[in-house]
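Got your viewer open? Take the stops below in order, and select each piece as you reach it.

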Amino acid sequence: MLADRQPREDGKRAEGRDAAPAEGDTLVAPAPRRARADVTAEDVRAAYRLILGREPHPDESAAMPSRAAMTPDLATLRREFLGSDEFRAKLDGLGLAVTPPPPFAPLDAPLQEIEAEAPPEALARLLERLAACWTALGEEAPHWSVLPLPQHRPENLEAHREGFYQTGLFDLGLILSIFRRAGLATADLPVMLEYGCGVGRVTGQVAPWFREVIACDISQPHLDVAAARMEEAGIGNVRFHPVTAGNLVPSKAYDLFYSRLTLWHDPPPMVAAVLDEAFASLRNGGMAIFSVPGWAEGYRFSTEEYLAREPVTEREFHVFPQRAVFALANRHGCVPVELREDTGLLDLPTGRWTSFLYAFRKIGQKPRPQPRIRRG
């Protein structure tokens with residue numbers, strides 16, 4: 001399990017969906033458990049059920065005692081099952097095939113010419129273009145636009161819909177792991193803002209863990225699909241927010257800002273504007289967890305040149321300088337908690353793009369004057 005739930009004081013569990021927390025529940029991420037020294041046949045049976053999703057065949061059942069005797073500990077047992085061809089085939093079916101990580105960005109990469117700020121008029125035009133692109137994608141193929149795999153095209157989706165939404169469990173696990181390493185529980189940060197909720201792939205997985213989720217997106221068709229998904233799942237603590245030029249991020253304070261696959265597609269001045277408002281509205285003690293590409297071979301960005309070109313109708317990928325992220329965070333009293341290179345970029349040549357996963361904590365110090373962040 002990703003986390004343990006502390007029982008309610010009245011000893012009762014919420015009825016209905018097991019994942020839905022009741023008012024007053026405290027949700028905590030557990031400390032890592034130490035593997036037992038011995039492995040039993042029942043442990044092997046559990047691995048078949050929980051990892052491969054089936055009962056062992058008769059010959060496998062007969063071999064379980066000897067397999068248990070030859071397996072030194074539970075960590076080895078788990079590693080063997082997760083590395084099996086059968087489990088990898090299941091991941092392939094969900095579009096989650098495990099591939100070797102691509103090489104990192106070169107340490108001697110040159111400075112890139114990236115305009116990271118734009119005047120309000122230009123910012124509004126950038127947002128208008130982005131909204132038009134993603135609204136069209138949302139009308140044509142909303143699920144595919146989020147995870148562009150053949151099984152997520154409208155004509156193939158029905159047989160793969162639940163698998164698509166199950167991929168949101170990765171994001172839930174990521175959030176809970178970062179919380180655990182920071183010494184936090186979801187009860188400490190009860191209001192979450194998800195920026196770029198799309199069709200609710202992650203929203204439905206995280207909503208039971210938070211008191212309230214504010215789900216934002218630039219595309220109304222995506223928001224409509226997400227709202228229908230929440231209603232179908234009986235989830236009632238999600239509030240949807242359409243992103244507009246005058247309201248990029250809701251002004252209501254929140255405890256967690258989360259965005260993993262959205263800022264990749266935003267031109268740099270939009271990323272700057274979103275992060276600036278996101279850090280500003282984050283409550284003291286809150287966290288911001290997000291990913292955004294920080295380097296790409298040959299990438300440059302000029303707002304004037306970009307707006308002079310014909311609007312695109314397909315998903316774009318952009319870069320936002322790492323130094324600009326730190327400048328914005330520092331402006332609002334946010335300090336880095338974790339930073340790592342995120343190699344999970346989709347549709348991009350390996351070794352030529354690098355994304356960074358950031359985790360910041362707002363400590364509420366008085367902001368200091370910062371230099372402009374116009375170029376990366």
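We'll start with the whole chain and then walk from strand to strand.

**The whole chain**

Show everything first. What you see is a predicted model, with a mean pLDDT of 85 for the protein and 82% of its residues reaching 70 or more. Now select residues 1-36: the pLDDT there is below 50, although in the model this stretch has 56 contacts beyond near neighbours in sequence. Keep that in mind when you look at it.

Switch to a cartoon view. There are 13 helices and 9 strands to find. Of the 376 residues, 48% count as buried. Try a surface view too: about 19,000 Å² is exposed, and carbon and sulfur atoms supply 53% of that. How much of the contact between residues at least 6 apart in sequence joins residues at least 24 apart? The figure is 75%.

**Strand E3**

Select residues 191-195, which make up strand E3. Is this strand enclosed or not? Of its 5 residues, 5 are buried, so E3 is largely enclosed by the rest of the structure. Turn on the side chains: Val191, Leu193 and Tyr195 point one way, while Met192 and Glu194 point the other way.

Next, look for the strands that pair with E3. E4 runs parallel to E3, and 5 bridges join the two. To see where they meet, click Val191 and look across to Glu212 in E4. E6 also pairs with E3 in the parallel sense, this time over 3 bridges. Here you can pick Glu194 and its bridge partner in E6, Tyr258.

**From E4 to E5**

Now select residues 212-217 for E4 and 238-242 for E5. These two strands run parallel and are joined by 5 bridges. Asp217 stands opposite Pro242 in E5. Follow the chain between them: it leaves E4, passes through helix H10 (residues 220-233) and arrives at E5, making a right-handed β-α-β crossover.

Before moving on, find Pro208 in the loop between helix H9 (203-206) and E4. Its relative accessible area is 6%, so Pro208 counts as buried. Try the distance tool from Pro208 to Asn237: they sit 29 residues apart along the chain, and their C-alpha atoms are separated by 8.2 Å.

**From E6 to E7**

Select residues 254-259 to light up E6, which runs parallel to E7 and is joined to it by 5 bridges. Which residue of E7 is the bridge partner of Tyr254? It's Leu282. Trace the chain from E6 to E7 and you'll go through helix H11 (residues 268-281), another β-α-β crossover, and this one is right-handed.

Pause in E6 at Ser259. With 0% relative accessibility, Ser259 counts as buried. Leaving aside neighbours within four places in sequence, Ser259 is in contact with Tyr195, Ile289, Phe290 and Ser291.

Then select residues 282-296 for E7 itself, where 13 of the 15 residues are buried. E7 also pairs with E9 (residues 353-362): 9 bridges join them, and they run antiparallel. Ala296 stands opposite Trp353 in E9.

**The aromatic rings**

Hide the cartoon and show only Phe, Tyr and Trp side chains. The structure holds 16 aromatic pairs. Zoom in on Phe164 and Tyr165: their ring centres are 5.0 Å apart and their planes meet at 90°, so this pair is edge-to-face. Phe164 has 0% relative accessibility and counts as buried; Tyr165, at 3%, counts as buried too.

Is the pair of Tyr358 and Phe360 stacked or edge-to-face? This pair is stacked, with 5.9 Å from centre to centre and 15° between the planes. Both Tyr358 and Phe360 are buried. Now add Tyr195, Phe257, Phe279, Phe290, Phe326 and Phe356 to your selection, and you have a cluster linked by ring pairs, with Tyr358 and Phe360 as members.

**One last loop**

Finish at Ala109, in the loop between helix H4 (85-93) and helix H5 (120-140). Its relative accessibility is 28%, so Ala109 counts as partly exposed. Select Glu297 as well: the two residues are 188 residues apart in sequence and 8.4 Å apart in space, C-alpha to C-alpha.

Conventions
Residues numbered from 1 in each chain as written. Predicted model: local features only at pLDDT ≥ 70, side-chain atom pairs only at ≥ 80, totals over all residues. Heavy atoms only, no water. Buried < 20%, exposed > 50% of the residue type's maximum accessible area, 1.4 Å probe, protein only. Helix = DSSP H or I, 4+ residues; strand = E, 2+ residues; numbered from the N terminus. Pairing = 2+ DSSP bridges. Right-handed = clockwise from strand over helix to strand, strands pointing away. pLDDT = per-residue confidence, 0-100. Contact = heavy atoms within 4.5 Å. Areas by Shrake-Rupley, 256 points an atom, 1.4 Å probe, with all protein chains shown as cover. Phe/Tyr/Trp six-rings, centres within 6.5 Å; stacked < 30°, edge-to-face > 60°.
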